[in-house]
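Subject: Structure for handover

Dear colleague,

Here is the structure I said I would pass on. Please look it over before you read the notes underneath.

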2 protein chains.
Amino acid sequence: MGSAENSSKGSKGSKGVERKSHTQIAIDEIKRLIIENELPAGSSHLESELAEKLGMSRTPVREAALILETLGLLWVRPRHGIQVRPITPGDMNEIYLIVSELEGLAAQLAAERKLDDADLATAQKAIDDMDLALEHDNREQWAAADEVFHRELLRLSGSERIAKLVETYNNQVKRIRNYTLHLRPSPVQSNEDHCKLLKAIRRSDAAAARAIHTEHRNRARILLVALLEKYKFN
Amino acid sequence: MGSAENSSKGSKGSKGVERKSHTQIAIDEIKRLIIENELPAGSSHLESELAEKLGMSRTPVREAALILETLGLLWVRPRHGIQVRPITPGDMNEIYLIVSELEGLAAQLAAERKLDDADLATAQKAIDDMDLALEHDNREQWAAADEVFHRELLRLSGSERIAKLVETYNNQVKRIRNYTLHLRPSPVQSNEDHCKLLKAIRRSDAAAARAIHTEHRNRARILLVALLEKYKFN
DNA sequence: AAATTTTTTAATGCATACGTAATTTTTAGG
DNA sequence: CCTAAAAATTACGTATGCATTAAAAAATTT
């Protein structure tokens with residue numbers, strides 16, 4: 001579900017900084033609090049609490065909560081507060097199944113667009129960064145570059161809708177990914193996949209691009225679901 | 001995207017009818033007005049107008065608008081009102097690409113669940129209804145049964161998330177589908193596809209189920225996009 | 001007449017008020 | 001001590017009020 005406007009209104013106009021509505025601030029801030037686990041999964045918070053915390057009235061907090069509920073990040077449970085939606089292993093599996101498909105489709109679309117090396121420069125840079133991070137065994141750096149790569153892939157697909165959708169689902173699992181970052185085996189395979197994918201896109205081999213990426217994500221799915229079941233973060 | 005709560009709260013509890021919030025009424029009603037084309041694509045409506053029309057204050061209308069914007073049905077354009085989002089041929093193509101993937105995945109998941117004839121009874125009934133409707137050349141009846149079939153397929157996949165997502169996107173294009181219903185060729189091929197799909201699910205052939213359905217939807221995509229380009233409904 | 005400035009209008013964003021109903025606490029009874 | 005009824009609390013749903021500021025209209029200047 002993606003909206004055309006909600007996730008990130010432009011921040012600066014020609015002169016001065018654009019004014020951000022309280023509702024938008026609430027959306028961004030509550031999202032951040034959830035992703036960075038400052039509001040733990042399953043925890044509940046009254047509208048008035050969050051309003052006070054964010055220094056605004058209940059109205060924009062309510063509006064933000066309704067939007068974030070629609071985006072799957074929380075549940076609004078009248079008189080029990082706004083509850084951070086936990087991710088079960090089953091949820092994780094479902095989300096990754098969906099993301100695998102959508103990113104696979106994105107890879108296919110990107111390959112069909114006959115992109116040249118210039119178009120793929122950012123993606124290539126992200127791959128290089130990941131290699132570098134791997135050498136230094138720096139997981140955070142690797143994860144940052146990985147995120148750039150996946151975001152870039154979605155941009156290259158040319159489909160705004162797919163990009164929004166995947167972003168929405170990624171937000172739902174980002175919290176867990178932070179936990180598992182250091183529990184996963186070294187992502188050497190990942191880097192190989194990325195290289196192969198980029199090559200397939202470069203030679204406009206849509207079927208291969210798609211297959212490689214779907215498979216790439218499915219491996220991640222199985223791995224993460226297993227970790228989630230083992231360590232039970234939520 | 002999909003929320004766990006927004007689209008349809010249960011309507012009746014053990015005693016009496018459950019009270020529906022004004023916000024929920026606004027969501028349902030505005031959605032209906034858009035899908036049934038009573039609010040034409042591209043038209044704008046002030047919060048106060050809709051509030052009056054629905055017999056409530058601006059507050060619940062605002063909340064509904066934000067949710068429906070997140071669900072992709074409209075745009076909130078401050079001081080220009082709430083605008084019904086038009087569907088361009090490009091949008092249609094994108095939406096059908098996404099739905100093809102997701103329903104294909106749903107078909108695969110359904111096939112993997114080893115369902116028996118009893119589980120598939122509703123789907124089979126829908127197919128029979130479609131055949132009947134075809135014989136009488138009744139398009140509306142056919143469309144209704146087709147909708148039942150697709151909804152049932154999603155239910156059989158066991159994935160709440162996929163079901164919600166597809167429903168969201170279907171809502172975005174339902175308006176167009178109504179227009180084109182009588183412009184399309186007789187959906188004989190469709191019925192064959194449905195039969196083949198159900199058989200594949202019955203024998204738990206996940207790959208086949210998936211391929212059949214994705215292909216089925218892709219044919220519909222090409223057809224509808226062509227119609228949309230030809231007749232320019234929006 | 002076109003362009004620019006000033007004035008007017010009014011839609012929105014947000015805070016606030018308040019009735020209602022759900023929840024919690026208290027009290028009474030077993 | 002446990003259960004059930006009564007009372008108190010309070011979170012929410014919704015309406016309303018109002019300052020802000022974008023848009024429209026009017027007035028003024030080129």
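The notes below cover the contact between the protein chains, one residue in it, and the two DNA strands.

Please keep in mind that this is a predicted model.

Chain A and chain B

Together, chain B and chain A bury about 3100 Å², and 57% of this is on carbon and sulfur atoms. Chain B puts 34 residues into the contact, and chain A puts in 35 residues. Eight salt bridges are counted between chain B and chain A. One of the pairs is E101(B) with R210(A), where the closest N and O atoms are 2.4 Å apart. Polar contacts across the interface come to 14 residue pairs, with both residues at pLDDT 80 or more. On the side of chain B that touches chain A, at least two residues each come from α3 (58-70), α4 and α7 (160-180) of chain B. The most comes from α4(B), which gives nine residues to that side. By class, the side of chain B that touches chain A has 15 nonpolar, eight polar and eleven charged residues.

D91(B)

Is D91(B) buried or exposed? Its relative accessibility is 15%, so D91(B) counts as buried, the cut-off for buried being under 20%. D91(B) sits in helix α4 of chain B, which covers residues 89-112. Leaving aside residues up to four places away in sequence, D91(B) touches R161(A) and P86(B).

DNA strand C

DNA strand C is surrounded by 17 residues. The closest are H22(A), S57(A) and H80(A), along with R62(B) and R79(B). Of the strand C atoms within 4 Å of the protein, 65% belong to sugar or phosphate, and the rest belong to bases. Three polar contacts may be worth a look when you open the model. T23(A) has a polar side-chain atom 3.2 Å from a phosphate oxygen of DNA strand C. In the side chain of T59(A), an N or O atom is 2.9 Å from a base nitrogen of DNA strand C. From chain B, a backbone N or O atom of E47(B) lies 3.4 Å from a phosphate oxygen of DNA strand C.

The surface near DNA strand C takes at least two residues each from α1 (22-35) and α3 (58-70) of chain A and from α3 of chain B. The largest share is that of α3(A), with three residues. This surface divides into four nonpolar, seven polar and six charged residues.

DNA strand D

Around DNA strand D there are 17 residues, and the closest are R62(A), R79(A), H22(B), S57(B) and T59(B). Sugar and phosphate make up 62% of the strand D atoms that come within 4 Å of the protein. A phosphate oxygen of DNA strand D lies 2.2 Å from a polar side-chain atom of S57(B). The side chain of H80(B) has an N or O atom 3.0 Å from a phosphate oxygen of DNA strand D. For R79(B), a side-chain N or O atom is 3.3 Å from a sugar or linking oxygen of DNA strand D.

Which elements each supply at least two residues of the surface near DNA strand D? They are α3 of chain A and, from chain B, α1 (22-35) and α3. Here α3(B) gives the most, with three residues. The classes in the surface near DNA strand D are four nonpolar, seven polar and six charged residues.

Regards

Conventions
Residues numbered from 1 in each chain as written. Chains lettered and ligands numbered in written order. Predicted model: local features only at pLDDT ≥ 70, side-chain atom pairs only at ≥ 80, totals over all residues. Heavy atoms only, no water. Helix = DSSP H or I, 4+ residues; strand = E, 2+ residues; numbered from the N terminus. Buried < 20%, exposed > 50% of the residue type's maximum accessible area, 1.4 Å probe, protein only. Contact = heavy atoms within 4.5 Å. Buried area = accessible area lost by both parts, 1.4 Å probe. Salt bridge = Lys/Arg side-chain N within 4 Å of Asp/Glu carboxyl O. Polar contact = N/O pair within 3.5 Å; in protein donor to acceptor, adjacent residues only side chain to side chain. Nonpolar A, V, L, I, M, F, W, Y, C, P; charged D, E, K, R; others polar. Near = heavy atom within 4 Å.
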